[in-house]
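Biologist: Please take me through the cavities, pockets, salt bridges and one histidine environment of this protein, and give the reasoning behind each answer.

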Amino acid sequence: MSLLPQRRYPTVTQLIACARSLAVQRPSLCALRKVGVSRAGRPLYLLSVGHARRAVLVVAGAHANEPTGACTVLSLAERVLAERELRWDTSWHFLLCVDPDGASLHDTPAPRSLYDYHLGFFRPAAEEQPEWSPSVLPAHRLPPETRALTRVIDELRPYLQVTLHGTDLGGSWVQLTKDIPGLAEPFAKSAAQLHIPVETGASDAAGWAASGPGVHVMPAPGAGAAYPSMPDDARHSTWYATHRYGGLTAVVEVPMWASDLVDDPAPHPAPAAAIRWVARRLLRDAFEVDRVLAEALPRLEGVDGPLLRAARWVLDLVPGLAADWTRTPPADNTMAYVSSVDAFGRRLPLRAAAMLLRVLRQSGDRAAPGLERLVATWSEAFAERFRARWVPLEHQVEHQSRTVVTAARCARDRAA
């Protein structure tokens, strides 16, 4: 990470400048080119290292609120340049930020707490997320970022796509569109060395097969979803575009704040009752945010934008998700899974409140101070309940980088 400011998440502008510097320093091995533009006209850049026909594609910035990937792509590019073995039969391609518009709206360069993190929070609605939009929109309405990413996949035909994601609070886990034998053990060892818990019961992967602790394999298209109400289905995302060429996708998640509660494989004494309680709290908390929104809406007439759309989208998810948790048996009975669901249930209304707070502040609305107190209270309660501890940025990046390199090696052996 020598090119990046230490212990801070870089802006997209800084990221591009670092990539351009690499391309200038090593022109025989590196190339930086524009592969598309965002809805707002921001460029999308691809940094390529090496010339081999066999390709790995690494995608950063799919979710604006998950900034670690920006550091990881530069760290990986430097590593590939330094280690000839990594590029002797493989070219590496780094899509620096697939959603620069979203990145411009999320602001946490060096958060000191979950409260700081949420004060600058943004995560767009599903139809505005480049990787997820194909799961909720028809082909003719896909955003330009999605089309650019798909073009890159079609051009490179990577045997492996890795998309760099993260979580605010929890553990590390990997989602795979096909299994990668040999990945689970080094993934777990890396997490242990860096004191990062493995999220063994990730709610995002509820009901999926696991090839090892924290390594989850997505079900085949057509299989039933653990949460039927959720409108976006990973199996219709850009993650599956690599399958057209015999490839696969790995989604590598790392936490900003760690919690050992998500790495507890012990059986929960009453998982169904606990999750029903989480569902009730989710409905109650979302109602509080909805009430503030309803009261402020007459004063927000004519106000629209991605923050308000995203806040309303999150609130719209809540009733169906709470019903899923109430009506269906738990997908897992471990302490880790119940803790992951608990975190998910806290995360949604907090995110909606944080984004609505930004809208109210921008409008100078009188409801902003009360909502700010709510965001502060929920952020503190979240951190306290999960005994949150900050994961040093260099550890986040190192673990994510190691996992990408291991996945590339194991997937190459699998494809051979």
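Biologist: Which residues line the largest cavity?

Modeller: This is a predicted model, and every value below is computed from it. Helix 3 (84-87) and helix 12 (393-415) are the elements that give two or more residues each to the lining of the largest cavity. The full lining of that cavity consists of Glu 85, Leu 86, Thr 90, Trp 92, Tyr 159, Ala 408, Arg 409 and Arg 412.

Biologist: Which element gives the largest share of the lining of the largest cavity?

Modeller: By class, the lining of the largest cavity holds four nonpolar residues, one polar residue and three charged residues. The largest share, three residues, is supplied by helix 12.

Biologist: How many cavities of 30 Å³ or more does a search of the whole structure find?

Modeller: The largest cavity holds about 50 Å³ of space. The second largest cavity holds about 30 Å³. For cavities of 30 Å³ or more, the search of the whole structure gives a count of two.

Biologist: How do the residues lining the second largest cavity divide into nonpolar, polar and charged?

Modeller: The lining is made up of Val 12, Ile 16, Pro 43, Tyr 45, Leu 96, Cys 97 and Pro 100. Helix 1 (12-25) and strand 2 (43-49) are the elements that give two or more residues to this lining. The division for the second largest cavity is no polar, no charged and seven nonpolar.

Biologist: Which element gives the most to the lining of the second largest pocket?

Modeller: The second largest pocket encloses about 510 Å³ of space. Its lining has 28 residues, and Pro 10, Thr 11, Val 12, Ala 103 and His 106 lie nearest its centre. Helix 1 and helix 4 (100-105) each supply at least two lining residues. With five residues, the element that gives the most to this lining is helix 1.

Biologist: How many charged residues are in the lining of the second largest pocket?

Modeller: The nonpolar class of this lining has 15 members and the polar class has eight. The number of charged residues in the lining of the second largest pocket is five.

Biologist: How many residues apart in sequence are the parts that Asp 101 and Arg 42 tie together?

Modeller: The structure holds 28 salt bridges. In one of them the side chains of Asp 101 and Arg 42 meet at 2.8 Å, N to O. Asp 101 lies in helix 4 and Arg 42 in the loop between strand 1 (30-37) and strand 2, so the pair ties together parts whose separation in sequence is 59 residues.

Biologist: Is Asp 101 buried or exposed?

Modeller: Its partner Arg 42 has a relative accessibility of 34% and therefore counts as partly exposed. Asp 101 has a relative accessibility of 11%, under the 20% cut-off, so Asp 101 counts as buried.

Biologist: Which residue does Arg 244 meet in a salt bridge?

Modeller: The side chain of Arg 244 meets its partner at 2.8 Å, N to O, in a salt bridge with Asp 154. The pair links distant parts of the chain, 90 residues apart: Arg 244 in the loop between strand 8 (215-217) and strand 9 (248-258), and Asp 154 in helix 6 (residues 144-156). Arg 244 counts as exposed because its relative accessibility is 52%. The partner, partly exposed because its relative accessibility is 30%, is Asp 154.

Biologist: Are Asp 342 and Arg 281 buried or exposed?

Modeller: The side chains of Asp 342 and Arg 281 form a salt bridge at 2.8 Å, N to O. This pair also links distant parts of the chain, with Asp 342 in helix 10 (residues 335-363) and Arg 281 in helix 8 (residues 271-296), 61 residues apart. Both Asp 342 and Arg 281 are buried.

Biologist: Which residue's side chain makes a polar contact with the side chain of His 165?

Modeller: His 165 lies in strand 5 (residues 160-170). Its relative accessibility is 3%, so His 165 counts as buried. Leaving out residues up to four places away in sequence, His 165 touches several residues, among them Ala 62, Glu 66, Trp 239 and Gln 400. The polar contact, at 3.3 Å, is with the side chain of His 63.

Conventions
Residues numbered from 1 in each chain as written. Predicted model: local features only at pLDDT ≥ 70, side-chain atom pairs only at ≥ 80, totals over all residues. Heavy atoms only, no water. Helix = DSSP H or I, 4+ residues; strand = E, 2+ residues; numbered from the N terminus. Buried < 20%, exposed > 50% of the residue type's maximum accessible area, 1.4 Å probe, protein only. Polar contact = N/O pair within 3.5 Å; in protein donor to acceptor, adjacent residues only side chain to side chain. Contact = heavy atoms within 4.5 Å. 1 Å grid on protein atoms, 1.4 Å probe; cavity = no way out; pocket = protein on both sides within 12 Å on 5 of 7 lines; lining within 4 Å. Points joined across faces, edges and corners; volume = space filled by probe spheres on them. Nonpolar A, V, L, I, M, F, W, Y, C, P; charged D, E, K, R; others polar. Salt bridge = Lys/Arg side-chain N within 4 Å of Asp/Glu carboxyl O.
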